[in-house]
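Here is a short briefing on one helix and on how two chains are related. Have the structure open as you read.

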2 protein chains.
Amino acid sequence: MKNIYVIGVGLIGGSLALDIKKGDPQSNIFGIDINDTHLEEAKQRNIIDAKADYAALKNADLVILSIPVNKAVEELPKILDAISETTLVIDVGSTKLPICEVVKTHPMRRNFLATHPIAGTEFSGPKAAIHNLFQKKTNIICEVEKTAFKLQEKALQLFSDLGMRIRYMNPEAHDKHIAYVSHLSHISSFMLGKTVIEKEKNERDIFDMAGSGFESTVRLAKSSPAMWTPIFQQNKTNVIETLDEYINNLKRFKNYIEQDQFDDVYNEMKNTNHIKEILKGIA
Amino acid sequence: MKNIYVIGVGLIGGSLALDIKKGDPQSNIFGIDINDTHLEEAKQRNIIDAKADYAALKNADLVILSIPVNKAVEELPKILDAISETTLVIDVGSTKLPICEVVKTHPMRRNFLATHPIAGTEFSGPKAAIHNLFQKKTNIICEVEKTAFKLQEKALQLFSDLGMRIRYMNPEAHDKHIAYVSHLSHISSFMLGKTVIEKEKNERDIFDMAGSGFESTVRLAKSSPAMWTPIFQQNKTNVIETLDEYINNLKRFKNYIEQDQFDDVYNEMKNTNHIKEILKGIA
């Protein structure tokens, strides 16, 4: 694939651009972004070769749509309007049902592949783009049967070159499960950060007491609100379900402490310890 | 200090033993533990030189008490009964008020220094003991004025050799603030792990979808229930307060999502983002 257009030159789009260029130095990487400062930065960092616009998408072999999910559902139909018959378009968003819905009757639906690379950091923007972000990570592909076979093949070659393993899932199942293993983690981390900051706001040196445990648990609270707000919006029903269950579990745990049921406190933790085995294999 | 007795040869006691021995190969490190398997393991791993018992504590220059906090309050008075006039005894527990209370009228109170090294990992037992665990970490010392001046000096030299920075605090303030920056993180992490495991227990391969974000947020759920249950018990009032505030923050966030107040969702996250700056300097 010679002409690659990256729409949204941030953490994910930028990191994909870096790896693609490294794998094929002859490819031309074009950047499209509503934030011109980010585009300039991406150019200076050699993440993209040049800026472009939608009119140029007819020349694209590959379009990577890596913008917040509320913008992605607005832009994807326009992108599909602008491409050629042989262009592959992929998105990388953390919700999959709305994006599959918005293009289901589009005449170019077969040029689109819905994907979710489970990779990232808590940082954002072109400066967050890094090499090898996708190595050994899972990429979830939704509604693969709706994409043209030749374009599926192209996409799978790309993901293989990036070092990713593939899982197939329908968008409903994706959005439901990802609410548990990703979206809830972000909310629990943001609210932990909020709770501690509120309490200690007048005693900043209290954070000297914080160890690596707090740092690890609150890490995701550094994430981009512009990226995460529309994810929670699009996955509202599933996210609310996870929050209800999480809050209920916290209340039960608190109740055990209040009632001095410390055997139950012990067992709650003991029964969760096997997360050790479950997590083996995650980065 | 030539004769060092480590009571509880786990993560913290074992790691202290390793660094002390490395700093002074002539020192004799003795281990005391109710778990004989741990003692044998500690010997095989060269964490301790030999096993010992309380009758030998009269020969101790330094006693390190590194056992669960419920056991520590039971053992400390007996230890102080057994030592000599020149022995320094330190504990390393995550709660400081109960341990200071239990020895406040003990005739050997001046031989004891209450400390809390903010260091650790989610692992436990002698196999978790590692070198340099305390390098650049904070050690909180409580009621320093109640310890004999010469023994304070010995302790400070030890902590300096281990690479630690010192903060002084009264036990009430310690227990209140540590509930926020440590104890709450552990509960939020355990309950996150529980919520996700419960939901996905019949679909184990869903954890293929989990990324490094989930892994980081749930890391503390691997921690030892035997260590943490008595911490929550001893710090019950403060822990319940932090849980009330955390649960209320989660409910408010959920309510914003339910009511489609996504500007508020955004602002909640935006206002917490400055955790980035606060965390600078933590390992």
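Right after helix α5 of chain A comes Gly163(A). The phi of Gly163(A) is positive, near 90°. This is a predicted model.

**The helix itself**
- Helix α5 of chain A covers residues 149-161, which makes 13 residues.
- From first C-alpha to last, α5(A) reaches 18 Å. That is close to the 18 Å expected at 1.5 Å a residue.

**Its two sides**
- Which residues of α5(A) are buried? They are Lys154(A), Ala155(A), Leu158(A) and Phe159(A).
- Look down the axis of α5(A): the buried residues fall within an arc of 130°, so they line one face of the helix.
- An α-helix has 3.6 residues a turn, so residues three or four places apart point the same way.
- The other side of α5(A) has exposed residues. These are Phe149(A), Lys150(A), Glu153(A), Gln157(A) and Ser160(A).

**What covers the buried face**
- Strands of chain A help to cover the buried residues of α5(A). Among them are β5 (88-91), β6 (112-117), β7 (138-142) and β8 (165-169).

**Two chains, one axis**
- Chain A superposes on chain B after a rotation of 180°, with 0.0 Å of shift along the axis. The RMSD is 0.0 Å.
- That is the relation of a two-fold axis.
- Which residue of chain A comes closest to the rotation axis? It is Thr217(A), with its C-alpha at 2.2 Å.
- Of the interface residues of chain A, 100% are also interface residues in chain B, so the copies meet through the same surface.

How values were computed
Residues are numbered from 1 along each chain as its sequence is written. Chains are lettered from A and ligands numbered from 1 in the order in which they are written. This is a predicted model: local features need pLDDT of at least 70, side-chain atom pairs count only at pLDDT 80 or more; totals for chains, interfaces and linings use all residues. Helices (H or I, at least four residues) and strands (E, at least two) are DSSP runs, numbered from the N terminus. The expected span of a helix is 1.5 Å times one less than its number of residues. A residue is buried if 20 or more other C-beta atoms lie within 10 Å of its own, exposed if 12 or fewer, and partly exposed in between; C-beta atoms are placed from the backbone. The arc is that of the directions from the helix axis to the C-beta atoms. Two residues are in contact if their C-beta atoms, placed from the backbone, lie within 7 Å. Copies are superposed by least squares on the C-alpha atoms of residues with pLDDT of at least 70 in both.
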